[in-house]
Amino acid sequence: MSSETVMLNEAVVTGRAAQVVVRKDTIMYNPEAYRTPEGSPIEELIKRIPGAEVDEDGNITINGKQVKKYAVRHLRLVAQEHR
């Protein structure tokens, strides 16, 4: 059994940011894992999260369950405050 060695000129390694991190009873979505046009409102980001919806009144649901509190860059908000 002989082995050959091949020298590569270059190797490109790409990775993807984790979309979701679960800690105890908190689900954290990584906004860097979802591509949105620069300057887009947060609603555009939320709509790209699997299972998330924003209704015409600005209420957020994920997999049919209403989101009552959320944090943006460590700032805690009650759902009604974002409107």
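Q: Buried means under 20% relative accessible area, exposed over 50% and partly exposed in between, with a 1.4 Å probe and protein chains only; what makes Glu-44 partly exposed rather than buried or exposed?
A: Glu-44 has a relative accessible area of 28%, a value that lies between the two cut-offs, and therefore Glu-44 counts as partly exposed. This is a predicted model, in which local features need pLDDT of at least 70 and side-chain atom pairs count only at pLDDT 80 or more, while totals for chains, interfaces and linings use all residues. Residues are numbered from 1 along each chain as its sequence is written, and side-chain values use heavy atoms, with hydrogens and water left out.

Q: What makes the contact between Arg-48 and Glu-44 a salt bridge?
A: A salt bridge requires a side-chain nitrogen of Lys or Arg within 4 Å of a carboxyl oxygen of Asp or Glu. The side chains of Arg-48 and Glu-44 meet at 3.1 Å, N to O, so the pair satisfies that limit. Both residues lie in helix 1, four residues apart, which is about one turn of the helix, and Arg-48, at 37% relative accessibility, is partly exposed.

Q: How do you know that Lys-47 forms a salt bridge with Glu-43?
A: The closest N and O atoms of Lys-47 and Glu-43 are 3.4 Å apart, and this pair too is therefore within the cut-off. Lys-47 and Glu-43 are likewise four residues apart in helix 1, about one turn of the helix; Lys-47 is partly exposed at 46% relative accessibility, and Glu-43 is partly exposed at 33%. A search of the whole structure finds two salt bridges.

Q: How do you know that the chain has one helix and seven strands?
A: Helices (H or I, at least four residues) and strands (E, at least two) are DSSP runs, numbered from the N terminus. Read along the sequence, such runs give the pattern β-β-α-β-β-β-β-β, which amounts to one helix and seven strands.

Q: Why are strand 3 and strand 5 said to stand at the edges of the sheet?
A: Two strands pair if DSSP finds at least two bridges between them, and strand 4 and strand 5 pair in the antiparallel sense over two bridges. The open sheet has three strands in the order 3-4-5, with antiparallel pairing; strand 3 and strand 5 (65-66) each have a single partner strand, so one side of each is left without a neighbour in the sheet. Within this sheet, Ile-62 stands opposite Lys-65 in strand 5.

Q: What makes up the largest nonpolar core?
A: A nonpolar core is a set of buried Ala, Val, Leu, Ile, Met, Phe, Trp, Tyr and Cys residues joined through side-chain atoms within 4.5 Å. The largest one holds 11 residues, among them Ala-33, Tyr-34, Leu-45, Ile-49, Val-54 and Ile-62. Helix 1 (42-48), strand 3 (52-54) and strand 4 (60-62) each supply at least two residues of this core. Across the protein chain of 83 residues, buried residues make up 16%.

Q: Why can Val-20 belong to a surface patch?
A: Patches are made of residues with over 30% relative accessible area and no salt bridge, like charges being joined within 9 Å and nonpolar side chains (Val, Leu, Ile, Met, Phe, Trp, Tyr) within 5 Å. Val-20, in strand 1 (residues 20-23), is partly exposed at 39%, so its accessibility satisfies the patch cut-off. Together, Val-20, Val-22 and Ile-27 have about 270 Å² of accessible area (Shrake-Rupley method, 1.4 Å probe, only the protein chains shown counting as cover for residues).
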